[in-house]
Amino acid sequence: VQLQASGGGLVQAGGSLRLSCAASGSIFTLNDMNWYRQAPGKQRELVARITSSGVTQYADFVEGRYTISRDNAKNTMYLQMNSLKPEDTAVYYCNALAKVWRFGAEHDYWGQGTQVTVSS
């Protein structure tokens with residue numbers, strides 16, 4: 001399973017970005033999908049999670065500014081980020097739990113990350 005994150009960039013404070021994460025390869029089931037971020041000098045932290053049935057969960061710092069969604073037909077997850085702040089600057093990583101065949105174990109997969117920079 002390969003995860004390809006895209007959509008990052010440079011934006012002014014108060015602006016918006018939409019990140020995408022496309023999963024490809026031999027996928028039997030794509031279960032929980034997550035966005036993480038890592039700022040320079042800080043640990044990687046969970047931003048948002050979405051289950052295969054669409055149940056969502058957000059970190060407290062999101063404060064209603066982000067929306068996570070997924071298109072199961074396209075094996076793609078999105079993160080709409082609004083009202084961005086300079087402290088949102090980080091590399092954003094997508095992560096997914098997936099099975100490659102019916103009776104196999106669930107494994108953890110990571111994308112390569114996409115840089116989000118918010119200027120003040």
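This passage describes the strand pairings, the disulfide and a surface patch of a predicted model.

Strand β4, covering residues 29-38, pairs with strand β5, covering residues 45-50. The two run in the antiparallel sense and are held in register over 5 bridges. Within this pairing, M33 stands opposite I50 of β5. The hairpin of β4 and β5 has 6 residues between the strands, and G41 takes a positive phi near 80° there.

Strand β5 also pairs with strand β6, residues 56-58, through 3 bridges, again antiparallel. Here the bridge partner of I50 is T56 in β6. I50 is thus placed opposite M33 on the β4 side and is bridged to T56 on the β6 side. The hairpin of β5 and β6 has 5 residues between the strands, with G54 at a positive phi near 95°.

The structure holds 1 disulfide, which joins C21 to C94 with an S to S distance of 2.3 Å. The pair links distant parts of the chain, since C21 lies in strand β3 (residues 17-24) and C94 in strand β9, 73 residues apart. The link is right-handed, with 70° about the S-S bond. Both C21 and C94 are buried.

On the surface, V100, W101 and F103 form a nonpolar patch. Together these residues have about 350 Å² of accessible area. W101 is located in the loop between β9 (90-99) and β10 (107-110).

Methods: Residues are numbered from 1 along each chain as its sequence is written. This is a predicted model: local features need pLDDT of at least 70, side-chain atom pairs count only at pLDDT 80 or more; totals for chains, interfaces and linings use all residues. Side-chain values use heavy atoms; hydrogens and water are left out. Patches are made of residues with over 30% relative accessible area and no salt bridge: like charges are joined within 9 Å, nonpolar side chains (Val, Leu, Ile, Met, Phe, Trp, Tyr) within 5 Å. Accessible areas come from the Shrake-Rupley method with a 1.4 Å probe; for residues, only the protein chains shown count as cover. A salt bridge is a side-chain nitrogen of Lys or Arg within 4 Å of a carboxyl oxygen of Asp or Glu. Helices (H or I, at least four residues) and strands (E, at least two) are DSSP runs, numbered from the N terminus. Two strands pair if DSSP finds at least two bridges between them. A disulfide is a pair of cysteine sulfur atoms within 2.5 Å. Buried means under 20% relative accessible area, exposed over 50%, partly exposed in between (1.4 Å probe, protein chains only).
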